[in-house]
Amino acid sequence: MIDLDQQMREVLGLDGVLSVCLVHWREGRALACHGADDTARAAQTSAVVRAVAEGPLQQGRTVEEVVITDGSHHLIYTVLAHAGLCLQVRMDRERGSLGRALHLLRRLAEEAQPPIPEIRRKRGTPAPAPAATDVERPVLIRVLNALRELSVGSARVGEVVV
């Protein structure tokens, strides 16, 4: 696993790259930005990636990259799998190498470990107990049957088989 912040700085070092931002595309907010301040583009990034990821052309496929080119820039959105995060790269169209940037971003997306949010507790509060992992089968069956009855309002015929 690699340090995502270090990799973002490496991408920023490519010719023509103006900014690199880590965006939580499901929430529409920038988590980190290097280079030019493009944190205001986080909502646009979110809208673009969401439109592509949830659009009719995907049909169960995952989005890897989205490239949008305007008059003077390439906007590259590289989605980090299973994290709801993407890298937003803004590159000068004349000075930057789109192919080189895409190659580096693909490698980064494969190797990157998304940041784990820090959970803070108030001083003096005990640490939470670990979750129980061993559940007895009869207890689980009773709970599932009870939930099934609650969801419908009346008991159904038959038992839940686990």
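## Reading strands, a disulfide and a helix

User: How many disulfides does a search of the whole structure find?

Analyst: The search finds 1 disulfide. Keep in mind as we go that this is a predicted model. In general terms, a disulfide is a covalent bond between the sulfur atoms of two cysteines. Here the bond joins Cys21 to Cys33, with an S to S distance of 2.3 Å. Cys21 sits in strand β1 and Cys33 in strand β2, so the pair ties together parts that are 12 residues apart in sequence.

User: Are those two cysteines buried or exposed?

Analyst: Read the relative accessible area: under 20% is buried, over 50% is exposed, and partly exposed lies in between. Cys21 is at 0%, so it counts as buried. Cys33, at 26%, is partly exposed.

User: Why does Cys86 not form a bond with the closest cysteine sulfur?

Analyst: The test is distance: a disulfide needs cysteine sulfur atoms within 2.5 Å. For Cys86, the closest cysteine sulfur is in Cys21 and lies 9.6 Å away, which is too far for a bond. Cys86 is buried as well, with a relative accessible area of 0%.

User: Let's turn to the strands. In which sense do β1 and β2 pair, and over how many bridges?

Analyst: They pair in the antiparallel sense, over 6 bridges. The two strands form a hairpin with 4 residues between them, and Gly28 in the turn has a positive phi of about 75°. To follow the register, start from Val20, which stands opposite His34 in β2. β1 also pairs with β5, again in the antiparallel sense, over 7 bridges. On that side, Leu22 has Leu87 in β5 as its bridge partner.

User: How many of the residues of β1 are buried?

Analyst: The count is 7 of 8, so β1 is largely enclosed by the rest of the structure. A useful general idea for strands is that, in a regular one, the side chains alternate between the two faces of the sheet.

User: Which residues does His34 touch, leaving out those up to four places away in sequence?

Analyst: His34 touches Asp5, Met8, Arg9, Leu12, Leu18, Ser19 and Val20. This histidine is found in strand β2, and at 10% relative accessibility His34 counts as buried.

User: What about Arg29: where is it found, and what does it contact beyond its neighbours in sequence?

Analyst: Arg29 is found in strand β2 too, but with 41% relative accessibility Arg29 counts as partly exposed. Setting aside neighbours within four places, Arg29 is in contact with Leu22, Val23, His24 and Ala42. Its side chain also makes a polar contact of 2.5 Å with the side chain of Glu27. For a C-alpha distance, take Arg29 and Thr45: they are 16 residues apart along the chain, and their C-alpha atoms are separated by 8.9 Å.

User: Which residues of helix α2 are buried?

Analyst: They are Ala42, Thr45, Ser46 and Val49. Seen down the helix axis, these buried residues fall within an arc of 100°, so they line one face of α2. They pack against β1 (17-24), β2 (29-35), β4 (73-80) and β5 (85-92).

User: And what span should the 12 residues of α2 have?

Analyst: The arithmetic uses 1.5 Å times one less than the number of residues. For α2, residues 42-53, this gives 16 Å, and the end C-alpha atoms are 16 Å apart, which agrees.

Methods: Residues numbered from 1 in each chain as written. Predicted model: local features only at pLDDT ≥ 70, side-chain atom pairs only at ≥ 80, totals over all residues. Heavy atoms only, no water. Buried < 20%, exposed > 50% of the residue type's maximum accessible area, 1.4 Å probe, protein only. Arc of directions from axis to C-beta. Contact = heavy atoms within 4.5 Å. Pairing = 2+ DSSP bridges. Polar contact = N/O pair within 3.5 Å; in protein donor to acceptor, adjacent residues only side chain to side chain.
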